Amino acid sequence: MEYKVEAHRIMSISLGKIYNSRVQRGGIKLHKNLLVSLVLRSARQVYLSDYYGGVCFSAQQVESKEWELMDAEQNKLRPAAEEGPAPQKDAGLGDATPVADEPTSQPQADGESPAGAQQPPAEADAETGGTSPAGPAEDQTGGGGRALPDEAGTPGAHSCPTRKRGAEKSHHACSPQKRTKVTPTPDSSGAAEEPEEMETGNVSNLITIFGSSFSGLLSKDDTPPASEGEDGDSGSGQICCDQMLKNLNPWTTAIVAF
Amino acid sequence: MMSVTGAIGRRVGAVLDLAALNTHQSADIISTVEFNYSGDLLATGDKGGRVVIFQREQESKNRPLSRGEYNVYSTFQSHEPEFDYLKSLEIEEKINKIRWLPQQNAAHFLLSTNDKTIKLWKISERDKRAEGYNLKDEDGRLRDPFRITSLRVPVLMPMDLMVEASPRRIFANAHTYHINSISVNSDHETYLSADDLRINLWHLEITDRSFNIVDIKPANMEELTEVITAAECHPHQCNVFVYSSSKGTIRLCDMRAAALCDRHSKFFEEPEDPSSRSFFSEIISSISDVKFSHSGRYMMTRDYLSVKVWDLNMENRPVETYQVHEYLRSKLCSLYENDCIFDKFECCWNGSDSAIMTGSYNNFFRMFDRNTRRDITLEASRENSKPRAILKPRKVCTGGKRKKDEISVDSLDFNKKILHTAWHPKENVIAVAATNNLYIFQDKIN
């Protein structure tokens with residue numbers, strides 16, 4: 001169990017690094033983020049192998065089980081989430097301080113278009129983080145809704161990347177007015193009340209995102225690789241970091257809680 | 001020339017503080033150090049995009065003690081911060097690398113690069129100026145042509161030495177990712193530049209195009225598993241270069257084989273020791289620097305905990321491995337948390353390839369003698385380095401009782417890191433960059 005705690009801690013730290021890399025001067029550093037994602041994957045494997053009480057599953061088996069679990073969650077939460085995402089809040093992610101240091105981001109974020117304007121345009125398409133001051137119930141809704149719009153009812157571990165991309169596509173298709181919201185501290189207490197459920201959601205989302213080696217950090221690259229003049233790479237890296245981060249808002253909650 | 005071992009412990013120091021007034025300005029953090037081919041000039045680049053060049057004083061009978069002191073020769077702003085509006089990204093002005101060109105005339109040329117743009121700078125001296133122009137006064141005002149009644153020939157008069165730096169070429173827009181290396185080819189006409197995923201070959205005269213010779217970008221970025229961390233041209237064979245990866249491998253490529261050198265000619269990798277696997281094994285095996293020996297027979301790689309010397313004729317393992325700070329292996333988790341595990345240490349050879357040097361934490365740097373297998377740890381700090389003082393060897397206590405003068409692992413200051421060091425190409429003179437201070441050490445004069 002000690003391994004699980006250590007692995008979990010390393011995962012939290014790694015996610016924090018990925019988050020912070022977005023606001024570092026000079027743009028996202030590919031090398032560092034690659035190394036962090038490798039650590040994250042190693043920690044995840046250890047964490048998962050421990051998650052089932054020490055029974056040794058292979059990573060793929062674990063993934064398929066988690067996937068079914070997530071399917072069940074999504075089906076349960078779909079009607080609630082489809083009524084409308086949580087109230088639109090401006091993105092606070094562009095601010096330099098990490099999530100944990102911004103308990104007042106929610107009140108300040110309302111109607112704050114300058115903050116949103118600082119973000120790359122793609123972030124405006126990001127779905128809301130899903131947490132709201134209303135408490136744990138909406139937390140869960142948001143948590144499920146976050147991973148939601150992609151389900152076409154195609155379970156299976158091998159379709160993980162496809163589903164994730166589907167999520168991104170549908171997010172882009174969604175109202176461009178949606179914005180992510182920084183998790184304020186009131187929600188962390190709400191999340192802490194239900195750590196078990198959040199954990200499942202967190203881990204399965206993590207699998208979704210890190211299903212293949214680097215999908216968590218860089219989105220599908222549509223541009224042909226041959227052209228020398230392509231310059232969408234760093235940009236797409238940034239866009240997908242946002243995608244990943246909005247998917248992981250419960251993680252940030254968990255990080256704050258830890 | 002004295003062997004390094006003989007000279008160990010008898011070093012005189014000279015501290016050059018690049019930021020006399022503001023010792024904690026981050027813009028003054030030195031990011032690269034490089035001697036030129038003769039060793040008379042030493043260039044440093046910093047985080048603020050500045051280049052400072054030091055020149056060695058000539059020996060003179062009048063001032064015997066000032067032999068070999070380095071003084072500021074030229075300072076100029078090489079790169080400015082830029083903003084990429086398309087991607088909403090700021091481009092740092094930090095100088096990642098400086099490489100000198102071999103000297104061909106009175107002027108000196110160097111290449112300096114930040115994350116995206118490489119510039120060729122010409123540094124020239126001016127100690128004469130023309131006086132006696134016909135059309136303008138001494139202070140530059142134009143004279144009325146109708147008032148000129150006679151013509152004179154301007155004469156060159158001596159003036160105070162002025163060192164000018166001017167950008168002669170700007171090589172831009174060729175790298176999507178961050179440039180980590182530049183290396184001048186032995187043909188003195190071309191050079192290569194490497195970013196995380198690609199290596200380009202340039203001609204020094206041509207700025208509007210470059211050849212892409214290595215491209216490891218996968219078609220699907222989700223399959224990315226390694227990046228290029230350093231690259232260097234072979235010192236004698238102009239068709240050979242190497243590049244290192246984040247997976248701890250080195251590939252040697254021959255440009256004669258194909259236009260695109262995606263297929264390596266040689267592949268250097270040491271099998272991983274399975275007993276030392278941890279969460280951070282992949283990070284600490286990432287190579288941060290690769291340097292050919294002057295002879296061209298060997299190359300040296302630096303990963304987080306060790307320095308390895310490879311024989312180019314043997315690909316399956318290095319011929320020598322030196323532990324730099326093995327006591328950090330048990331601290332990898334903390335070093336991951338405080339980001340120190342991502343520090344990119346460089347390494348360098350001495351002129352005869354008999355010794356190698358690299359940096360560590362707490363302003364320590366290490367030197368290894370390849371022949372005697374002896375090593376030494378020295379510290380670059382103001383307290384220990386009064387001018388002409390002799391450096392005392394340092395020791396890190398790894399466990400058990402700490403002896404007097406030893407320092408325990410937990411007392412090490414991880415904010416004081418020596419990432420950049422350089423060794424004079426011919427003499428036992430070394431330059432060590434400790435954050436925003438530059439230390440120059442040389443053998444004691446007997």
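Begin by selecting chain B and viewing its contacts: of those with a separation of 6 or more, 54% are between residues 24 or more positions apart. The model on screen is a predicted one, and this tour moves from the two chains as wholes to individual side chains.

**The two chains**

With chain B still selected, display the secondary structure, which consists of 3 helices and 32 strands. Colouring chain B by burial will mark 54% of its 446 residues as buried. The surface that chain B exposes is about 20900 Å², and 49% of this area is supplied by carbon and sulfur atoms.

Select chain A next. Its secondary structure comprises 11 helices and 0 strands, so a cartoon view followed from the N terminus passes through α elements alone, as DSSP runs define them. Of the 258 residues in chain A, 56% are buried. Contacts in chain A between residues at least 6 apart in sequence join residues at least 24 apart in 79% of cases. Chain A exposes about 10300 Å², with 58% of that area coming from carbon and sulfur atoms.

Within chain A, select α1(A). This helix has 20 residues and spans 29 Å from its first C-alpha to its last, close to the 28 Å expected at 1.5 Å a residue. Is α1(A) mostly covered or mostly uncovered? It is mostly covered, since buried means under 20% relative accessible area and 14 of its 20 residues meet that description.

**The largest nonpolar core**

In soluble globular proteins, nonpolar side chains tend to be buried together. To see the largest nonpolar core of this model, which has 38 residues, select Phe280(B), Tyr304(B), Leu328(B), Tyr336(B) and Ile341(B), the members that touch the most others. Then add the elements that give two or more residues to this core: α1 (2-21) and α2 (30-51) of chain A, and α2 (281-285) and α3 (332-337) of chain B. Which element gives the most to this core? It is α2(A), with 8 residues.

Centre the view on Tyr304(B). Beyond its neighbours within four places in sequence, Tyr304(B) is in contact with Ile284(B), Ser286(B), His325(B), Leu328(B), Leu332(B), Leu335(B), Cys340(B), Ile341(B), Asp343(B), Phe345(B) and Tyr361(B). Another core, of 16 residues, lies apart from the largest one; its members include Ile418(B), Ile430(B), Ala434(B) and Tyr439(B).

**Aromatic rings**

Now show the aromatic side chains, which form 17 aromatic pairs over all chains. One of these is the edge-to-face pair of Phe345(B) and Tyr361(B), with 5.3 Å centre to centre and 90 degrees between the planes. The pair links distant parts of the chain, 16 residues apart: Phe345(B) is in the loop between α3 and β24 (347-349) of chain B, and Tyr361(B) is in the loop between β25 (355-359) and β26 (364-369) of chain B. Phe345(B) and Tyr361(B) are both buried.

Move to Tyr439(B) and Phe441(B), an aromatic pair that is stacked, at 6.0 Å centre to centre and 15 degrees between the planes. Tyr439(B) is buried because its relative accessible area is 2%, and Phe441(B) counts as buried at 0% relative accessibility. For a grouping of several rings, select Phe279(B), Phe280(B), Tyr336(B) and Phe342(B), which form one aromatic cluster.

**Ser245(B)**

Select Ser245(B), located in strand β17 (residues 240-245) of chain B. Ser245(B) counts as buried because its relative accessibility is 2%. Its side chain makes a polar contact with the side chain of Thr249(B), at 2.9 Å. With neighbours within four places in sequence left aside, Ser245(B) is in contact with Glu226(B), Val227(B), Thr229(B), Arg251(B), Ser286(B) and Ile287(B).

**Glu315(B)**

Finish at Glu315(B), which sits in the loop between β22 (306-311) and β23 (320-323) of chain B. Glu315(B) is partly exposed because its relative accessible area is 32%. Where does its side chain find a polar partner? A polar atom of that side chain lies 2.9 Å from the backbone nitrogen of Phe267(B). Not counting residues up to four places away in sequence, Glu315(B) touches Lys266(B), Phe267(B), Phe268(B), Glu269(B) and Trp310(B). A C-alpha to C-alpha distance drawn from Glu315(B) to Glu269(B) gives 6.5 Å, although the two residues are 46 apart in sequence.

Definitions and conventions: Residues numbered from 1 in each chain as written. Chains lettered and ligands numbered in written order. Predicted model: local features only at pLDDT ≥ 70, side-chain atom pairs only at ≥ 80, totals over all residues. Heavy atoms only, no water. Core = buried A, V, L, I, M, F, W, Y, C linked by side-chain atoms within 4.5 Å. Buried < 20%, exposed > 50% of the residue type's maximum accessible area, 1.4 Å probe, protein only. Helix = DSSP H or I, 4+ residues; strand = E, 2+ residues; numbered from the N terminus. Contact = heavy atoms within 4.5 Å. Areas by Shrake-Rupley, 256 points an atom, 1.4 Å probe, with all protein chains shown as cover. Expected span 1.5 Å × (residues − 1). Polar contact = N/O pair within 3.5 Å; in protein donor to acceptor, adjacent residues only side chain to side chain. Phe/Tyr/Trp six-rings, centres within 6.5 Å; stacked < 30°, edge-to-face > 60°.
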